[in-house]
Amino acid sequence: MAAPSETERLLGRGPGYGTTESPAAAEEEELRRRLKYFFMSPCDKYRARGRRPVKLGLQLAKILLVTVQLILFGLSNQMVVTFKEENTIAFKHLFLKDYVDGADDTYAVYTQRDLYDRMFYAMEKYLAIPNETVGRYAYVRGESGGNQSALMLCQQYYRKGRIDPANDTFNIDPKIVTDCLGVDPEDPQPLPPELDRSYKNFTLKFHKLINVTIQFKLKAINIQTIINNEIPDCYTFTITITFDNKAHSGRVKIRLDNRADIKECKDPSVFGRGDNSFRLFFDVVVILVCSLSFILCARSIIRGVMLQHEFSQFFQRRYNQSVCLSDRMEFLNGWYILLVISDVLTVLGTIMKIGIESKNFASYDVCSILLGTSTLLVWVGVIRYLTFFQKYNILIVTLRVALPNVIRFCCCVAVIYLGYCFCGWIVLGPYHVKFRSLSMVSECLFSLINGDDMFVTFAEMQQNSYLVWLFSQIYLYTFISLFIYMVLSLFIALITGSYETIKHQCEGETPVSQLHAYIAQCKDSPKSGKYRRDSASSCSVFCCCERAPLQDNALLVN
């Protein structure tokens with residue numbers, strides 16, 4: 001008769017292994033019981049020791065609090081963005097002559113007279129702000145004792161520039177020189193343009209001109225925040241009008257940029273409103289809940305690492321074998337790591353939100369990224385509790401099985417994709433607006449993979465060069481055929497294959513790792529009472545008390 005295999009010998013209950021008389025066997029059985037308890041679901045842990053699923057209840061409460069906090073911050077941030085965008089549109093209509101909405105890419109001048117006209121028009125409108133604008137704006141004057149004026153008119157040009165197209169000659173010194181002229185509105189009211197025209201003597205050096213900029217600042221107050229019971233913010237807008245001539249193509253593009261700085265208003269007074277004590281209290285509650293969640297999840301991670309270390313030492317000492325890496329990684333719960341990261345991001349974002357609402361700083365973008373990412377991770381983390389139910393676990397198990405193959409497949413596809421990106425950028429860039437930069441090429445090709453804008457991409461190809469047009473047809477047809485009919489099909493086949501594998505495993509015998517095979521030797525059910533340390537349990541609202549105990553061969557991702 002053949003001798004038993006090493007695995008059968010290790011996992012069997014022969015003499016010296018499963019007998020209760022031996023202290024070593026009792027120690028091993030206790031370790032198995034602790035391992036089994038560690039990998040139980042919250043409901044089974046409640047049945048085993050009467051331990052209430054505190055982390056589950058805490059995560060549900062945290063989802064509610066973080067989501068409400070995000071919605072409140074989103075509404076406040078939406079008013080900030082709207083106020084800035086509407087003021088930017090107002091500034092374009094005020095300071096850009098004959099401006100039309102949506103004409104930012106085509107707004108330009110082509111003659112010297114038009115350039116002077118647009119430049120002086122913007123400055124005259126700036127001096128007439130108190131008398132013409134519908135909104136309430138105030139000038140930001142230059143610092144006392146300094147040489148900075150309220151409005152700065154500057155031109156940048158090459159130090160030496162002589163261009164003679166008739167003789168095909170040029171002489172240029174690339175060093176850039178900047179000339180500026182300051183303009184200040186008079187107190188208490190600005191002078192009419194006909195009384196103050198000193199800036200009219202500003203002469204542009206068109207033969208070597210790079211750009212002309214007009215920069216000034218305006219103050220405004222966003223009073224619409226009182227709708228959300230918030231103290232109004234004080235804004236300082238830095239407006240920069242740029243006449244771009246660096247291409248020297250005969251077309252001077254004009255654009256207006258607006259940067260908003262937010263600060264606390266001096267002595268705010270809103271009758272019956274503006275009390276932010278409830279928002280501050282709510283933010284403090286969110287910080288406390290996330291801190292508690294961080295402590296509990298970090299404690300579970302540390303306990304898992306300690307139990308893994310103990311199990312590895314015991315297995316090495318008892319059987320003279322090392323635990324494989326995949327089994328050791330079972331103790332490191334990725335869901336807890338996800339929740340810890342979300343807790344850290346939530347606390348940082350909440351602290352920044354408190355600072356924004358107290359007007360200490362105005363990093364809306366950073367705060368939005370922190371709170372948005374943390375809310376995403378919090379919601380994703382709830383999937384952990386669904387994975388304890390076999391019918392809801394299929395998504396996570398399929399992703400886990402398919403992920404290694406998908407990553408390897410994507411690495412191979414990325415090489416081909418980057419090749420098409422570089423080729424399309426260098427060849428089609430001069431003839432197609434969607435291929436002007438590498439980022440635009442990548443966006444265009446990714447859209448083509450998903451079937452978007454196919455006809456438009458073909459139709460917008462310029463036919464100035466028949467050779468390039470022919471190349472573009474071959475390029476686009478091969479890319480679409482390769483990525484839609486082959487790459488996407490293989491990608492879907494990888495996911496489908498993993499799903500079919502998991503489905504067959506659920507229907508048949510599930511492959512069990514060495515760790516779970518070792519734990520399966522413990523036949524004690526959660527209701528056996530052998531896991532209890534204190535008093536008996538009672539029913540909890542967080543788990544289904546009448547649900548059958550978890551089967552040992554169920555496919556779970558803890």
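Which glycine just after helix 13 takes a positive phi? Glycine 451 does, with a phi of about 80°. The legends below start from the whole chain and come back to that spot; please keep in mind that the model is predicted.

**Figure 1. The protein chain as a whole, with 16 helices and 7 strands.** Welcome to the overview. Of the chain's 558 residues, 40% count as buried. Take the contacts between residues at least 6 apart in sequence: 73% of them join residues at least 24 apart.

**Figure 2. Helix 4 packing against helix 7.** Here helix 4 (residues 54-95) meets helix 7 (residues 277-319) at an angle of about 145°, and the two axes are 10 Å apart. The crossing is left-handed. On the helix 4 side, the residues in contact include Val54, Leu58, Leu65, Val68 and Leu72. Helix 7 contributes, among others, Phe282, Val285, Val286, Val289, Leu292 and Leu296. Sorted by class, the residues of this contact comprise 14 nonpolar, 4 polar and 4 charged.

**Figure 3. Helix 4 again, now with helix 9.** The axes of helix 4 and helix 9 (residues 334-357) come within 12 Å and cross at roughly 35°. This crossing, too, is left-handed. From helix 4, look for Lys55, Gln59, Lys62, Val66, Gln69 and Phe73. Across from them, helix 9 offers Tyr336, Leu339, Ser342, Asp343, Thr346, Thr350, Lys353 and Ile356. The contact has 5 nonpolar, 5 polar and 4 charged residues. If you have just come from the previous view, you may recognise Lys55, Gln59, Lys62, Val66 and Gln69, which also take part in the contact with helix 7.

**Figure 4. Threonine 242, a residue of strand 6.** Strand 6 spans residues 233-244. Threonine 242 has a relative accessibility of 8%, under the 20% cut-off, so this residue counts as buried. Beyond its neighbours within four places in sequence, threonine 242 touches Val212, Thr213, Lys253, Ile254 and Arg255.

**Figure 5. The two sides of helix 13 and the glycine that follows.** Helix 13 (residues 438-449) has 12 residues and reaches 17 Å from its first C-alpha to its last, close to the 16 Å expected. Val441, Cys444, Leu445, Leu448 and Ile449 are its buried residues. Viewed down the helix axis, they fall within an arc of 145°, so they line one face of helix 13. Turned away from that buried side are the exposed residues Glu443 and Phe446. Just past the helix you will find glycine 451 and its positive phi once more.

Technical notes. Residues are numbered from 1 along each chain as its sequence is written. This is a predicted model: local features need pLDDT of at least 70, side-chain atom pairs count only at pLDDT 80 or more; totals for chains, interfaces and linings use all residues. Side-chain values use heavy atoms; hydrogens and water are left out. Axes are lines fitted to C-alpha atoms, for helices over the stretch in contact, and angles run from 0 to 180 degrees between N-to-C directions. Helices (H or I, at least four residues) and strands (E, at least two) are DSSP runs, numbered from the N terminus. A crossing is left-handed if the near helix is turned anticlockwise from the far one by less than a right angle, and right-handed if clockwise. Contact means heavy atoms within 4.5 Å. Ala, Val, Leu, Ile, Met, Phe, Trp, Tyr, Cys and Pro count as nonpolar, Asp, Glu, Lys and Arg as charged, and the others, Gly among them, as polar. The expected span of a helix is 1.5 Å times one less than its number of residues. Buried means under 20% relative accessible area, exposed over 50%, partly exposed in between (1.4 Å probe, protein chains only). The arc is that of the directions from the helix axis to the C-beta atoms.
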